[in-house]
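I opened the model to look up a few things about its helices, sheets and cores. My notes follow in the order I took them.

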Amino acid sequence: MRIKVSIIMPSLNVVSYIRQCLDSVIHQTLRDIEILCIDAGSTDGTREILAEYAAGDTRIRLIDSPVKSYGYQVNLGIRQARGAYLGLVETDDRIQPDLLPLMYEKAEAYHLDAVRCNFYFCEHIGGRGIRRPSRTLEHAGYADLYGQVIRPSDYPKLLDQDWPIWSGIYRREFLLDHAVFCQESPGAAYQDLGLSVELYAASGRTMYLDRYYYLYTFDRNESSIRQNKSMVQVAGEYDRLYNGQVIPETQFSRIKKVVDWKMLNSLVGMTNLVLPMVDYDISAALFHEPYQWFRRQLAVRFGGDYSDNICEVSADTISRAEKLIADVSGYARQLMEENQRAKAKRQNMAELVSQNNGKIVLFGCGIRGEGLLDALVRIEQDGQRNIRIDAVTDNDRKRWGSSFCGIEVIPPNLAVEKYCDDTFVVANKMHYAEMQQQLRDMGVREDQLVIYEP
């Protein structure tokens, strides 16, 4: 059998997720695949489950990694793979059953280095699964490029949006020819950041499909984005890119300015993530040391001049970066106050919703509606566990019967009829007054109406 795609699956202690992940891979409609399960010494039963699956499916190869490093495991998979193309599936995630054949078909027909797809952020609110869509090209401002053969490095805004290395497949010979590998640092956090930049620099013929392939588990407590070492690890990835000579200078010179802007974004994002974890203590080693590294690098790269904004980074991000560099103490106070205000708003909404046993009908399927879902996830993280979404509704008839983040959209009159005792949360900035009156006219009580304000 000619192996069309090799799926690399690094694992370490993911027993709660591994069966559903493996099932999503072995039941792919493309059967000519190999599955490289690379375990780094799991002690929670994960390896035993992998061995069980390997015994029942000859396409699975169970490989023991002597090193507890996500990057090492990925690289081991790249070197041992026999497929024409490689894909990566993190073992707390899942993939859709029917996208591999399409990606393989496009890769072969157009002689592509890479085929990429959209993905879902998968979370839970009150035990209910939520899928928030991420459309890579659209979010980068290049929606018209779906289905076209492009060179990613020709599009500066793409690098910051196209960060997942697991959202597609790659020609194996292309990876080997360009020596595209992860950094083999300890643990399992952000080693794919450097790899995503290497792919951006080296990829020639690439196609993005406007389909959803990957289901990314976003609310796992052990996820790398929830670890307080994140800023240290991200700084290490950039240091390797700038100083490790992992990308040939002929390629890196073309994208260096784009990487500079991505690093500026990373400074702000990592600061906003890590400072709350260290109680806004700017002297904490997990913040202070990588912050100083970022600060020195940005001084060299920009010299305080952010006018050459080729990536169209937002004015707010640039302003935050400037304040971080000039007055980190002031920025820490500002961030703490912002987070306190946001948490107070969430608590207020949680209290209002809890008056009706925490049951919600979400009214509005736009960007504000997606923001409300994010706020509800954060409410659960704050410790409020009794909120449940019963339904989603919208006045746009075209949305009725469709899915909004994994929940069916129903007409407003049906929502009021079926869930007459729920809290109706209006998530619309422009028409909230009319929507409130509409619900009152349908018989919804005043104490059942809540306006979502981010």
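**Entry 1: the end of helix 16.** I started just past helix 16, where G443 takes a positive phi of about 105 degrees. This is a predicted model, so I read the angle as a computed value. Next I went back into the helix itself, residues 432-441. Which of its residues are buried? I found M435, Q436 and L439. They cover an arc of only 105 degrees around the axis, which puts them on the same side of helix 16. That fits the general rule: an α-helix has 3.6 residues a turn, so residues three or four places apart point the same way.

I then asked what covers these buried residues of helix 16. The cover includes strand 11 (359-363), helix 15 (412-418), strand 15 (423-426) and strand 16 (449-451). Helix 16 lies across strand 11, strand 15 and strand 16. Its direction runs at about 170 degrees to strand 16.

**Entry 2: the sheet under helix 16.** I traced the strand order next. Six strands make an open sheet, in the order 13-14-12-11-15-16, with mixed pairing. Which strands are at the edges? They are strand 13 (403-404) and strand 16, and each pairs on one side only. Helix 14 (residues 367-381) also packs on this sheet. I see it touching strand 11, strand 12 (388-393), strand 13 and strand 15. The direction of helix 14 makes about 155 degrees with that of strand 11.

At the strand 13 edge, I looked at the pairing with strand 14 (residues 407-410). The two strands run antiparallel and are joined by two bridges. F404 has I407 of strand 14 as its bridge partner.

**Entry 3: helix 2.** I repeated the burial check on helix 2 (residues 46-56). T46, I49, L50 and Y53 are its buried residues. They cover an arc of only 100 degrees around the axis, which puts them on the same side of helix 2. E48 and A55 are exposed on the other side. I listed the cover over the buried residues: it includes strand 1 (5-11), helix 1 (18-26), strand 2 (33-39) and strand 3 (60-64).

**Entry 4: the cores.** I looked up the largest nonpolar core and counted 60 residues in it. Which residues have the most contacts inside it? They are V5, M9, L100, M103 and Y213. I followed Y213 further. Leaving out residues up to four places away in sequence, Y213 touches I7, I95, Q96, L99, L100, M103, C117, N118, W166, S167 and G168. A second, separate core has 54 residues, including L145, Y208, I247 and A332.

**Entry 5: strand 9 and its partners.** I checked strand 9 (residues 168-171) against strand 4 (residues 85-88). Three bridges join them, and they run antiparallel. Y85 stands opposite R171 of strand 9. Strand 6 (residues 114-125) is also antiparallel to strand 9, again with three bridges. There, A114 stands opposite Y170.

A114 came up again when I picked T206, in strand 10 (residues 206-217). T206 is buried, at a relative accessible area of 2%. Not counting residues up to four places away in sequence, T206 touches L112, A114, R116, Q148, V149, I150 and P152.

**Entry 6: two helix residues.** Is Q251, in helix 10 (residues 249-277), buried or exposed? Q251 counts as buried, at 17% relative accessibility; the cut-off is under 20%. Its contacts, aside from neighbours within four places in sequence, are H178, A201 and A202.

M336 lies in helix 13 (residues 328-354). I have M336 down as partly exposed, at 30% relative accessibility. From M336 to R296 there are 40 residues in sequence and 24 Å in space, C-alpha to C-alpha.

**Entry 7: cysteines.** How many disulfides are there in the whole structure? I found zero. Why is C122 not bonded? The closest cysteine sulfur, in C405, is 10 Å from the sulfur of C122, too far for a bond. C122 is buried, with a relative accessible area of 8%. C420 counts as partly exposed, at 43%.

Terms used. Residues are numbered from 1 along each chain as its sequence is written. This is a predicted model: local features need pLDDT of at least 70, side-chain atom pairs count only at pLDDT 80 or more; totals for chains, interfaces and linings use all residues. Side-chain values use heavy atoms; hydrogens and water are left out. Buried means under 20% relative accessible area, exposed over 50%, partly exposed in between (1.4 Å probe, protein chains only). Helices (H or I, at least four residues) and strands (E, at least two) are DSSP runs, numbered from the N terminus. The arc is that of the directions from the helix axis to the C-beta atoms. Contact means heavy atoms within 4.5 Å. Two strands pair if DSSP finds at least two bridges between them. Axes are lines fitted to C-alpha atoms, for helices over the stretch in contact, and angles run from 0 to 180 degrees between N-to-C directions. A disulfide is a pair of cysteine sulfur atoms within 2.5 Å. A nonpolar core is a set of buried Ala, Val, Leu, Ile, Met, Phe, Trp, Tyr and Cys residues joined through side-chain atoms within 4.5 Å.
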